[in-house]
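Here are a few exercises to work through with the model open beside you. Try each task before reading its solution.

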Amino acid sequence: MTAARLLGLICAVIAIQVVIAVIWAIWQRRRAASDLDGSRVEGRAAVAVPTAWPGWRPFRISTRDFEDESRTQCSLVLEPVDGLPLLPFRPGQFLTFSIPNPAAGEAPLLRCYSLSDRPRPDHYRITVKRSPAPATRPDVPPGIGSTWFHDSTRIDDIVQVRAPAGQFVIDENSDVPAVFIAGGIGITPMLSMILWCIDAQPGRALHLYYGLRDTAEYAFRATLEALALHHPNFHLTTVFSGPWPMTPADAQSSPPAFIDVDLLRRTLPAGRHRFHICGPAAMMEALVPALTDWGVSAADIHFEAFGPASVRSPLAAPLRRIAAPLPIRFRASGRTIDWTGDDANLLDLAERSGIFIEAGCRAGSCGSCETRLLSGTVDYPKTPDFAVSTGHCLLCVATPATALELDA
């Protein structure tokens, strides 16, 4: 072999190696970009990528759309001001927002709203239902957070957002048929889970039971009915509770009803299911024990309540009884209340006693109820996700270990 031919062969080998290296680099870059897209990650759950950023991050409101005929449920699409990709969140999680306090000179308020879409790399979506003043409590004002989002925000406004959080999520690594039971605005985390499942687990059986008063409050109707039409593994059941008669469109529906175990028995196929329930406290208090009585295991029941009080699952460990009451001093309210062990946490104790305390997620994730601990110590039956400041406690998940004095 001549020197020229040898040199040519060496150059050819080098060129082939360069081409292979370029192809490999392009493939790796596309794979990394795919990992940032919350739609799917090959061979593993999308949630393996960390999602959190520290503190607050500014987002721009890019769209505002009402999801129901009554125009009480508004979806807002949020894009990160910094333009960086959003890593996947766990379907079912929520965002925490800092919103203006209507009381002049007071610190901003924290409010939590569930994500209502599957993970996407360029935006989040939340859906906020307007919360009017209770008809039976004229002294209670309308919901501050929902009123602000509905009446005061506009497209291109900037909002401050904490990273997705929360433990009410879909089991991404399971293919057990999933049952979603939603009451009213409880549809938001369910829709996030459903859209993720349809994209990432198209073969998984999904059953949605959606409880509403009437069709005027039927949020995401077009989306849900299209999913039921085009995805054979997604099954939709809507249940209307009245008052009766309702709108003309409801006249073709069955009489007023509620979602209960009898309905589930009649419509679900035999076999194991994983239940996800989100709605008002009354729904939780009726359904969760009934599912247990039906024989559903604790591991297959997951729920999140909304409303003025948290709901204790009958599947949880018994409340810890104490030998003698512990005095809990709420300094700002000027009241001392005995802790007897009959409440699940300090937030429940305060609310049951008529003491108002800001609260958001009620699960130890958002920090809304963080309160200065003036004296005494608390226990956390479950470690909170939120990093509690020194000298403070999270009332929604804390129980007293000793007598306490709280700055509340």
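Two strands pair if DSSP finds at least two bridges between them; strands (E, at least two residues) and helices (H or I, at least four) are DSSP runs, numbered from the N terminus. The model is a predicted one, in which local features need pLDDT of at least 70 and side-chain atom pairs count only at pLDDT 80 or more, while totals for chains, interfaces and linings use all residues. Residues are numbered from 1 along each chain as its sequence is written, and side-chain values use heavy atoms, with hydrogens and water left out.

**Exercise 1. Place strand 8 among its partners.**

Start with strand 7 (residues 178–183), which runs parallel to strand 8 and is joined to it by 6 bridges. Within that pairing, alanine 182 has tyrosine 210 of strand 8 as its bridge partner. Now follow the chain from strand 7 through helix 3 (residues 187–200) to strand 8: this β-α-β crossover is right-handed. The term right-handed applies if, with the strands pointing away from the viewer, the path from the first strand over the helix to the second runs clockwise.

Next, turn to strand 9 (residues 234–240), which pairs with strand 8 in the parallel sense over 7 bridges. Here the bridge partner of glycine 211 is valine 239. Strand 8, helix 4 (residues 221–230) and strand 9 again make a β-α-β unit that is right-handed.

**Exercise 2. Which residues point each way from strand 8, and are they buried or exposed?**

First, recall the general pattern: in a regular strand the side chains alternate between the two faces of the sheet. In strand 8, Leu206, Leu208, Tyr210 and Leu212 point one way, and His207, Tyr209 and Gly211 the other. All of these are buried, where buried means under 20% relative accessible area, exposed over 50%, and partly exposed in between (1.4 Å probe, protein chains only).

Then look at one of them, histidine 207, which counts as buried because its relative accessible area is 7%. Beyond its neighbours within four places in sequence, histidine 207 is in contact (heavy atoms within 4.5 Å) with Ala178, Val179, Phe180, His235, Leu268, Pro269 and His273.

**Exercise 3. Which members of the largest nonpolar core touch the most other members?**

Begin with the term: a nonpolar core is a set of buried Ala, Val, Leu, Ile, Met, Phe, Trp, Tyr and Cys residues joined through side-chain atoms within 4.5 Å. The largest has 26 residues, and Phe180, Ile187, Leu208, Tyr210 and Leu224 touch the most other members. At least two residues of this core come from each of strand 7, helix 3, strand 8, helix 4 and strand 9. Helix 3 gives the most, with 9 residues.

**Exercise 4. Describe two of the aromatic pairs.**

Rings of Phe, Tyr and Trp (its six-membered ring) pair if their centres lie within 6.5 Å; planes under 30 degrees apart count as stacked, over 60 as edge-to-face and the rest as tilted. The whole structure holds 10 such pairs. Tryptophan 53 and phenylalanine 59 have ring centres 5.8 Å apart and planes at 35 degrees, so this pair is tilted. Both tryptophan 53 and phenylalanine 59 are buried. For tryptophan 148 and phenylalanine 149, the centres are 5.0 Å apart and the planes at 70 degrees, so the pair is edge-to-face.
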